[in-house]
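The following note sets out points for a colleague who is reading the model at the bench. Please go through the points with the structure open.

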Amino acid sequence: MPRRALITGITGQDGSYLAEFLLAKRYEVFGMVRRSSSEKVDRIQHIRDRITLVQGDLHDQSSLISCLKSVRPEEIYNLASQSFVPTSWNQPILTGDITGLGVTRMLEAVRSVAPQARFYQASSSEMFGQVRAMPQNETTPFYPRSPYGVAKTYGHFITVNYRESYRLFACSGILFNHESPRRGLEFVTRKVSYEVARVKLGLTKELRLGNLEAKRDWGYAGDYVKAMWMMLQQPRPSDYVVATGESHSVKELVQIAFAHVGLDWQRFVKVDRQFTRPAEVDMLVGDASKARRELGWSPTVRFPELVKMMVEADLALFH
Ligand code: NAP
Ligand code: G4F
């Protein structure tokens, strides 16, 4: 019998890679999707006939219970959230409701309908915020700097709490930034790769960005979904940092992306204050030694390769 997995957030970047990964491992894959007036399934269109979509929304407790009753999953990957940091200042209540409280709603549904299921929570390096140690690992204290980071910190601790209170097999993956050609257009890596392609093709003459000095530990989404699965295959549930251990600035990102198409970034990049944040996370770099040691996980794509992959994919979009 194939194992059954439920992915919330299957229409997102990670959901689409995880669905592909689980299908390759011969899982029966179910995806929870929220109702929309127009279907947004472009990232999973190519596997649409191999997965089953079930309606549900992290706002709505009864929909989560019905979803778990109908799917009866052995593994649950809770990837759904309001995931864009700037939107979390604009919509802090909604972000707290989906990204924070939504985790409790999922865990309550698991506890009452599928207590034997293994549960993965998509936590984030954004929880480290104003970092207390360098590099950050599972014992580094959190100091979130955005309503999104605060909501994720709640989601992390409620996952730990349900594991300890109810003996659920619940893991929290503290994933550092991970990107791909399927990244949403508003995130900085994809904004850069997409606009570099447009500049190269003469479709635009400038790229407006915020803080060029911010540094992130950027990896490849395809590598990171594998770590999610590995966490749920362990004998005991735990929390893991997933990161490359390398940090690069937004400035390095634009340098590499423009250089890849033979252009000097300084001719095109303009700093625009509308993209700076009320509070910034200046620098993130992760220490994934626990994931390496216990899961046998390591990243396969390094930063320059990732940037080039994304620029190439965006150039191909316009051809
Ligand atoms: P993403 O592309 O923004 O996808 C978010 C998903 O959540 C989408 O499928 C979206 O559905 C769904 N969603 C939003 N609100 C929902 C609701 N109320 N009910 C049900 N589904 C809802 O995010 P991602 O990059 O794949 O990230 C996956 C998860 O990992 C997120 O929780 C994110 O916060 C977290 N994370 C991401 C990173 C990263 O660097 N990518 C790092 C650390 C943690 P629609 O398509 O309908 O909008
Ligand atoms: O690409 P970003 O928007 O990602 P951010 O804020 O680090 O959040 C992402 O990673 C988190 C993991 O740490 C996830 F939990 C979260 O869901 C999301 O996937 O911004 C990266 C950096 C920031 O410092 C930002 O200030 O790039 C800087 N930046 C500079 N100019 C910009 C821009 N970011 C965006 N989005 N747009 C700009 O024009």
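Does Arg208 count as buried, partly exposed or exposed, and at what relative accessibility? Arg208 counts as partly exposed, at 33% relative accessibility. Please bear in mind throughout that this is a predicted model.

1. Arg208 and its partner. Arg208 forms a salt bridge with Asp272, and the closest N and O atoms of the two are 2.9 Å apart. The bridge links distant parts of the chain, since 64 residues separate the two partners. Arg208 belongs to strand β8 (residues 207–209), while Asp272 sits in the loop between β13 (269–271) and α9 (289–295). The two ends differ in burial: Asp272 is buried, because its relative accessible area of 13% falls under the 20% cut-off, whereas Arg208, at 33%, counts as partly exposed.

2. The wider network. The pair should not be read in isolation. Glu206 joins Arg208 and Asp272 in a network of salt bridges. In the whole structure, the search finds 14 salt bridges.

3. A salt bridge within a helix. Glu195 and Arg198 form a salt bridge in which the closest N and O atoms are 3.1 Å apart. Both residues belong to helix α6 (residues 188–200); because they are three residues apart there, about one helical turn separates them. Glu195 is buried, with a relative accessible area of 16%. Arg198 is partly exposed, with a relative accessible area of 23%.

4. A buried pair. Glu179 and Arg183 also meet through their side chains in a salt bridge, with an N to O distance of 2.7 Å. Here both partners are buried. The pair may be set beside Asp272 and Arg208, where Asp272 is buried and Arg208 is partly exposed.

5. Division into domains. The protein is divided into domain 1, comprising 4–178 + 218–242, and domain 2, comprising 184–216 + 247–282 + 301–317. Each domain is therefore assembled from separate stretches of the chain under the domain assignment used. The C-alpha centres of the two domains lie 27 Å apart.

6. The domain interface. Contacts between the domains involve 14 residues of domain 1 and 19 residues of domain 2. The area buried between domain 1 and domain 2 is about 1,500 Å², and carbon and sulfur atoms give 66% of that area. The rule finds zero salt bridges across this interface. It does find two residue pairs in polar contact there, both at pLDDT 80 or more.

7. The side of domain 1 that touches domain 2. On this side, α3 (85–90) and β10 (219–220) each supply at least two residues. Of the contributing elements, α3 gives the most, with three residues. By residue class, this side of domain 1 divides into six nonpolar, four polar and four charged residues.

8. The surroundings of Asp97. Asp97 is placed in helix α4 (residues 92–113) and counts as partly exposed, at 23% relative accessibility. Leaving aside neighbours within four places in sequence, Asp97 is in contact with His59, Gly102 and Arg105. Leu58 is 39 residues away from Asp97 along the chain, yet the C-alpha atoms of the two are separated by 8.3 Å.

9. A cis peptide bond. Which residues does a cis peptide bond join? The bond joins Met134 and Pro135, with omega about -10°. Pro135 is placed in the loop between β5 (118–124) and α5 (147–166).

10. Positive phi values. Two arginines deserve a check of the backbone. Arg26 has phi near 70°, a positive value in a residue other than glycine. Its place is in the loop between α1 (13–24) and β2 (28–33). Arg26 is exposed, because its relative accessible area of 67% is over the 50% cut-off. Arg72 likewise has a positive phi, near 50°, and is a residue other than glycine. Arg72 lies in the loop between α2 (61–71) and β4 (75–78) and, at 56% relative accessibility, counts as exposed.

Terms used: Residues are numbered from 1 along each chain as its sequence is written. Chains are lettered from A and ligands numbered from 1 in the order in which they are written. Side-chain values use heavy atoms; hydrogens and water are left out. Contact means heavy atoms within 4.5 Å. Buried area is the accessible area (1.4 Å probe) that two parts lose on being put together, summed over both. A salt bridge is a side-chain nitrogen of Lys or Arg within 4 Å of a carboxyl oxygen of Asp or Glu. A polar contact is a pair of N or O atoms within 3.5 Å; within protein, one must be able to donate a hydrogen and the other to accept it, and residues adjacent in sequence count only if both atoms are side-chain atoms. Helices (H or I, at least four residues) and strands (E, at least two) are DSSP runs, numbered from the N terminus. Ala, Val, Leu, Ile, Met, Phe, Trp, Tyr, Cys and Pro count as nonpolar, Asp, Glu, Lys and Arg as charged, and the others, Gly among them, as polar. Buried means under 20% relative accessible area, exposed over 50%, partly exposed in between (1.4 Å probe, protein chains only).
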